[in-house]
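User: Please take a close look at one part of this model, the sheet pairing and what packs against it. Before that, a short check on disulfides would help.

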Amino acid sequence: MADSDLDVESNHRTKSERRRKNKRSLNVETSYLADNPDRIAPVVGYFSSGYNPCDSQEPPEVRVLRNRNHRSSRLDLVVKPKESSVEFVGRSYEGEAAVHQPCHYALGILDKDSQTLKVVPIAANKIFRLEPRVMKSPSVEEASEVLEGRVDDGNTRRKISDLTSLYGTKKQRNMDKKLRLLAQQTNDPSARENLPDEMLNVDMNDEALKDTKATIGPNIPPHDLSAVTPEKAYLLDEIIQKGERDYLFDILDLLNSGIGEKPKYWEENYYPSFVVNRIPKLKEVQNEEEKKKLAFILSYITHLVNFWKLAASNRRSKSQSSISGDAINKYKIPRIVYQKFEQLFIDPASKVLSSYKKELVIGYILVLTLFADKFSSSPSDISKDLGMSVSDLRLYYTQLGCKLSNKARFGEVFWTLPVPLKSADMKKRRKRKA
């Protein structure tokens, strides 16, 4: 045997001996701890977005929510990074956790010093998928301050109403609707006929009622009636929040990578014709900030139109459940964007897009098309995307305060946005007062 072969064999033997020395066997005493109803079991979750809490200098705030009176097995896990407008929410009864699982999960804790292995069940026997969500709803602390009389401005009553619609019981939501009806129609005696007996003798605070009236506006996106330019009339920063914009550069990325140069790519991937027809315009923009702005507006229009189609399909099928995760992934709607749409437009009780919210979705889409077209927009392509005629959209444009341009080009009509903002609902109010 050659010396080189001996060297290789001795090196191999040395490595094997080193591995055996590094392996350390433990004789452990194993104990299984049963679930205790008085104490919550460990909660296990993962971040689907790739967020790593260990990268932050300060640990995030972690809360586990459980209803002790009803369905105590339903848990919500909420992780909120410090000084962030985004929180991560996982539920044991929705999404991934709602799928049937034939196995049981447990958490093992090995103590090498005492040589013991404790095996404990995890909460709800579920692995929580933590999804990012923009915190749009007002906090409970704000609501408590209002109730205690420490804060009293025009928006606080609307915030309490939003909290009730999101987290209140069915009885509380019904009562809130009746109070809003009463606030709208206090001068109409016939409105009292629809109220329950216990509300007829309620002492009303006239000053508070005036504030409530002021917050009830037309069914249109966030707006500013005092704006003197079309760009300021509708509040783009509230329609598309800054926390969402990082997820809305798909169109720019496709153009930069060269994939978007293929003519059929956009239609095959569910981009509406309005967006496809504006891609050449996007390429021509030289200013980098303006290009990013137009890109995230077009991307948001895409997600709104696809959400509209999914919600309409769900309503036609009379489904009692939310839009499926497979459908959301098919249309590539970012989870953080979809959750905002769900909170804004879907009725939490019926799980469908109501007629009232249908108007609001169309309002959001048309306002963003105005932004994309510099406030002179033709409805020809967006009407096809929504499955509506141009004449059907006239009512929605009018409600937004738009008017037809006198300069029609090539037989097409164009809608503009004059300021100050005057919607159809506002004009009706003035006529009633007169």
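Analyst: Taking a disulfide as a pair of cysteine sulfur atoms within 2.5 Å, the count comes to 0 disulfides. The model is predicted, so to speak only of what passes its filters: local features need pLDDT of at least 70 and side-chain atom pairs 80 or more, whereas totals for chains, interfaces and linings use all residues. Residues are numbered from 1 along each chain as its sequence is written, and side-chain values use heavy atoms, with hydrogens and water left out. Cysteine 54 is exposed (over 50% relative accessible area, 1.4 Å probe, protein chains only), at 67%, while cysteine 402 is buried (under 20%), at 7%.

Turning to the sheet, 5 strands (DSSP E runs of at least two residues) form an open arrangement in the order S2-S8-S5-S4-S3, with mixed pairing, where pairing requires at least two DSSP bridges between two strands. The edges are strand S2 (44-47) and strand S3 (61-66), each of which pairs on one side only. On average, neighbouring strands are turned by 30° against each other, direction ignored. Within this sheet, S4 (residues 75-80) and S5 (residues 86-91) pair in the antiparallel sense over 4 bridges, and leucine 77 stands opposite glycine 90 in S5.

Helix H15 (residues 335-345; helices are DSSP H or I runs of at least four residues) packs on the sheet, touching S5 and strand S8 (127-134), where contact means heavy atoms within 4.5 Å. The direction of H15 makes about 75° with that of S8, on a scale from 0 to 180 degrees between N-to-C directions of axes fitted to C-alpha atoms.
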